[in-house]
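The following exercises concern a predicted model. Each task is followed by a solution in steps.

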Amino acid sequence: MKQKNQKKSESEKLKMGHGINIMTELFSVPVTGFFIGLFLDNHFETKPICMIVFFILGIIAAFWNIFKMLKKNY
Amino acid sequence: MNPLHQFQIHKLINLNLFGYDISFTNSSLCMMIVIVALSCLFIAASRKSTLIPTRLQAIVEFSYVMISDMVKENIGKEGKKYIPLIFAIFFFILGGNLLGMVPYSFTYTSHIIVTFGLALGIMTIITIIGFKIHGMHFLKFFVPEGVPSLLVPLVVPIEVISYLSRPLSLAVRLFANMLAGHTMLKVFAGFSITMSCYYCWWVPLLVNIALTGFEIVVAGLQAYVFAILSCLYLNDAINMH
């Protein structure tokens, strides 16, 4: 059984974790954007502007990544 | 019975270095156990290598072939020198996940700082490799081909954010799986104790047995996913589009 699974292509194996991938992607990309924004705000002293802009960019990036991932595999 | 009690960190030996708390905790003890056990296994297996492998040698050779196949499939010939990196990461995580399945032990991969440290280290190495191989051309990574010049100011921040979020998403994936799985095991174990005065006390116990098997699968799978995603990211840095 294990030998058989090994023969599958890599994308086939990763299909098992697509739900979890989407979850982590939706969580981590906006959070990263938020922290980049926070860093830039502290640097340039422009509190909430960069934070909001990068958070929204992070949400866009998350959905764009999910779209690319699903397009590649289905 | 607190299901999160298992994730508590206790100090075993108090240590202090220049005001930083670097105490030896139960987490460090588990990491130590895994590293020592893995080193003993690999040294014992490769000490007397024979043409017809013994059982120990077969385990080690099989694991090496698995990792090297994974690296070759994902990166190609240039990836050969990164086999030790992926091998070490895979077995450190697999050892930690499996050690966590032993009762009364501690799962160090269920702490986000451990997984985030690993993921951040890997992404730093990958970025350095990318800059070393491609020089400043590596920055083209953030400008995908065929993007209209009008959209470049929008696409570049998006690509940079999604590149910088890779360590966090790697870390969160492993951490969330281990945390959720181990909490669920403890919650179901708690059910079977609170239901012990009813006749159906064995139902959560059976579920718990199934979940234990499931957790062992998750332990292997998550270590594999972590290694394979490191390979894919390494491939992005080495063979740029």
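**Exercise 1: The fold of chain A**

Read along its sequence, chain A of this predicted model shows the pattern α-α-α-α.

Task. Determine how many helices and strands chain A has, and what percentage of its residues is buried.

Solution. Step 1: chain A has 4 helices and 0 strands. Step 2: of the 74 residues in chain A, 35% are buried. Step 3: among contacts in chain A with a separation of 6 or more, 56% join residues 24 or more positions apart. Step 4: the accessible surface of chain A is about 5,100 Å², and carbon and sulfur atoms account for 72% of that surface.

**Exercise 2: The interface between the chains**

Task. State what area is buried between chain B and chain A, and which residues of chain B lose the most area.

Solution. Step 1: 26 residues of chain A are in contact with 22 residues of chain B. Step 2: about 2,000 Å² is buried between the two chains, 70% of it from carbon and sulfur atoms. Step 3: B:Ile158, B:Ile161 and B:Arg173 lose the most area to chain A, together giving 27% of what the chain B side buries.

**Exercise 3: Polar links and contributing elements**

Task. Identify which side chains form the salt bridge, and which element gives the largest share of the chain B side.

Solution. Step 1: the count between the chains is 1 salt bridge. Step 2: A:Lys68 and B:Glu159 form a salt bridge through their side chains, at 3.4 Å from N to O. Step 3: α2 (55-74), α5 (152-164), α6 (166-194) and α7 (202-238) of chain B each give two or more residues to the side touching chain A. Step 4: α5(B) gives the largest share, 7 residues. Step 5: this side of chain B comprises 14 nonpolar, 5 polar and 3 charged residues.

Methods
Residues are numbered from 1 along each chain as its sequence is written. Chains are lettered from A and ligands numbered from 1 in the order in which they are written. This is a predicted model: local features need pLDDT of at least 70, side-chain atom pairs count only at pLDDT 80 or more; totals for chains, interfaces and linings use all residues. Side-chain values use heavy atoms; hydrogens and water are left out. Buried means under 20% relative accessible area, exposed over 50%, partly exposed in between (1.4 Å probe, protein chains only). Contact means heavy atoms within 4.5 Å. Accessible areas come from the Shrake-Rupley method with a 1.4 Å probe; for residues, only the protein chains shown count as cover. Buried area is the accessible area (1.4 Å probe) that two parts lose on being put together, summed over both. A salt bridge is a side-chain nitrogen of Lys or Arg within 4 Å of a carboxyl oxygen of Asp or Glu. Ala, Val, Leu, Ile, Met, Phe, Trp, Tyr, Cys and Pro count as nonpolar, Asp, Glu, Lys and Arg as charged, and the others, Gly among them, as polar.
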